[in-house]
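Here's a quick tour for anyone about to load this into a viewer. Have the sequence and the 3D view open side by side.

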Amino acid sequence: MEMPAFTALKKNLRKDMSAFPACRIAVLGDCATQHIAAALGGWGYEAGLRYEILDTDYDQIDAQTMDPGSELYAFHPDYVILVNCTQRLYAAFCACPAGQRDRFADTMRDRLEAVWQRIGEGCGARLLQLNFPAWDDRVFGDFGGKIPESFPFQLRKLNYLLSESCAAHKNVFCVDIDGLQSRLGEDRVLDAKMYCIAKMPFRTDFLPYLAKQITDTVLAASGSFKKCVVLDLDNTLWGGVIGDDGMDGIQIGELGLGHAFSAFQQWLKELQNRGILLCVCSKNNEDTAKEPFLRHPEMVLRLEDISVFVANWEDKASNIRRIQSILNIGMDSMVFLDDNPFEREAVRSLIPDITVPELPENPEEYVDCLRSLNLFETASFSEEDRIRTRQYQAEARRASLQSRCADYDAYLEGLEMVAQAKPFDTFHFPRIAQLTQRSNQFNLRTVRYTEEEIAAIAGSDRYLTLYFTLKDKFGDHGLISAVILEKREDRLFVDTWLMSCRVLKRGMEEFIVNKILSTAAAAGYTVVEGEYRKTAKNAMVARIYEKLGFTAADDTHFIARTDSFAPNPTHIKEE
Amino acid sequence: MNNNEIYERLNSIFQDVFDDSSLTVNPDTTAADIEDWDSLTHITLVGAVEEEFRMKFSMKEVVEMKNVGEMAQIVAARRKR
């Protein structure tokens, strides 16, 4: 991928970023971090993020995190980046007595965790911990891999332990600089003189890559990430043209150039397994296009892996819009892959928000090209991700029932919907946190929470919490809505109400509001207050409180009273 | 090796790094002549020159270079493009 130069990023700092969402980020390091902070600020312009950066002085990690009155805590960062460099790690290793070196990684891990702990107590920021780019002193040669007392052994172990610790600390994200270095090569990352002269652990021309990697995680944790890949078929998923070459003629599997396409499909299948929706958009007759998915013995992807399958002779931009409206996700969360540069350009110009990577000409390079773009960074993973494709397919069947019903009420009645409403429980923390991060459209206040924060809210008596599930005769939507009610002196305040757009206009909104009011009444509250906080994406819920029986106190605040509230009609039964 | 070409390219790097399109450098230009030329910017400058000419300075050179002329001499001797 073509990266802007560090000097170009520095120039970005002077550009107008006032239209971008703000993000307060503090950089703490055991090395010089000024250039890292500058690169990050400049990358913000490339990524559409306005970083407000606190760059603390050299080697201030302990000082800034131990002092409750420090600049760090006064800054109220959204994110704290911890830059611990391999050079300092090696110095610490060299100072470590021989008898303790086999435990060096564990000791360092404990030290880093102590820093996380302090920051966690000092402020609510999320942490981005850089891991350690591998550096082998070759003191033992390759044999060092068998020697727990060697530096490379301990460094690898430490990176592993960091991953393990990050898994246990939901607020901490590991930025994999070691992985980045292994893709680029050590020579493109390190320059010994930069560390000697300026205590800079990286080359300046590496900094744009570093800034991108950090920003990818920041964006994902802030709710901006890809959910769907729309695929062309001929010469993208297989070699050749199915309409001309037929089932025996297309290249897939062991035959000829087929292996490259199989490898690509395998990679897409892995994306699908982790919850990325795969859709097809192809200029073909539908039956012809579906045939390989149904009958070709060497296809990796099958029809059940595809959420929405569109094959016709209309233009691709219109078809992509159709797919988007069925899935009900933002265009900016979609990626379009097509081998044909003309199709790519046409889609790009008609749908500016969709991501359309330039695929290389050679199919064997598709995977490496897409890997290098890191399009699928995420900040969460839950059980629901695995079954998402099936849910969207059920959605397509519901659409077909709806087209057969005389009116919408009859359709809703025919769905036989059943909902659950329960307080947050441990099992559902990951999914609830994920929803707070993912939901942009049906989200009244767009407060993002990590799993840890959700756990804290669930355990606090300042809050009442409700999650909602919905199922119908076609399938189970799973957990599709979360509500956090804050107990204020004279009223219950709706801190969070979000809902998956999959279940929009089924009567779920009505069901939820009824439940909020009955929960309030049961807890002894007469007044419930809701707030609408406008974002670029949540206009659809601007008037929802009024529509469902609240009274506007002003443009953004709405009140309902439990003693005069008439429940909204809904076809959903509570389980 | 064309010295003029090296100076032209160095000049545009300096303009870039110091974000000043009116800047021109000559062999005698030193850090004292350019207001923002501090130790931090020096590192940025060295990195940008290395990237442009696909070459590396030694630590000693980075620390001891006295003016743009010395920088250009090293570039002329070592550049790969």
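What follows covers confidence, then strand pairing, then one helix.

Keep in mind that this is a predicted model. The predictor gives the complex an ipTM of 0.88, along with a pTM of 0.78. For chain B, the mean pLDDT comes out at 91, with 99% of its residues at 70 or more.

Now to strand E1 of chain A, residues 22–29. Six of its eight residues are buried, so the rest of the structure largely encloses E1(A). Here are its two pairings:

| Strand paired with E1(A) | Residues | Sense | Bridges | One facing pair |
|---|---|---|---|---|
| E2(A) | 50–55 | parallel | six bridges | A:Arg24 with A:Glu52 |
| E3(A) | 79–83 | parallel | five bridges | A:Gly29 with A:Val83 |

How do you get from E1(A) to E2(A)? Helix H2 of chain A, residues 34–47, joins them in a β-α-β unit, and that unit is right-handed.

Helix H6 of chain A is next, covering residues 104–122. Does its length add up, or is it off? At 1.5 Å a residue, its 19 residues should span 27 Å, and the end C-alpha atoms are indeed 27 Å apart, so the two agree.

Which residues of H6(A) are buried? The list runs A:Phe104, A:Ala105, A:Asp106, A:Met108, A:Arg109, A:Leu112, A:Val115, A:Trp116, A:Arg118 and A:Ile119. When you look at that spacing, remember that an α-helix has 3.6 residues a turn, so residues three or four places apart point the same way. Among the buried ones, A:Asp106, A:Arg109 and A:Arg118 are worth picking out in the viewer.

Note on methods. Residues numbered from 1 in each chain as written. Chains lettered and ligands numbered in written order. Predicted model: local features only at pLDDT ≥ 70, side-chain atom pairs only at ≥ 80, totals over all residues. Heavy atoms only, no water. Helix = DSSP H or I, 4+ residues; strand = E, 2+ residues; numbered from the N terminus. Expected span 1.5 Å × (residues − 1). Buried < 20%, exposed > 50% of the residue type's maximum accessible area, 1.4 Å probe, protein only. Pairing = 2+ DSSP bridges. Right-handed = clockwise from strand over helix to strand, strands pointing away. pLDDT = per-residue confidence, 0-100.
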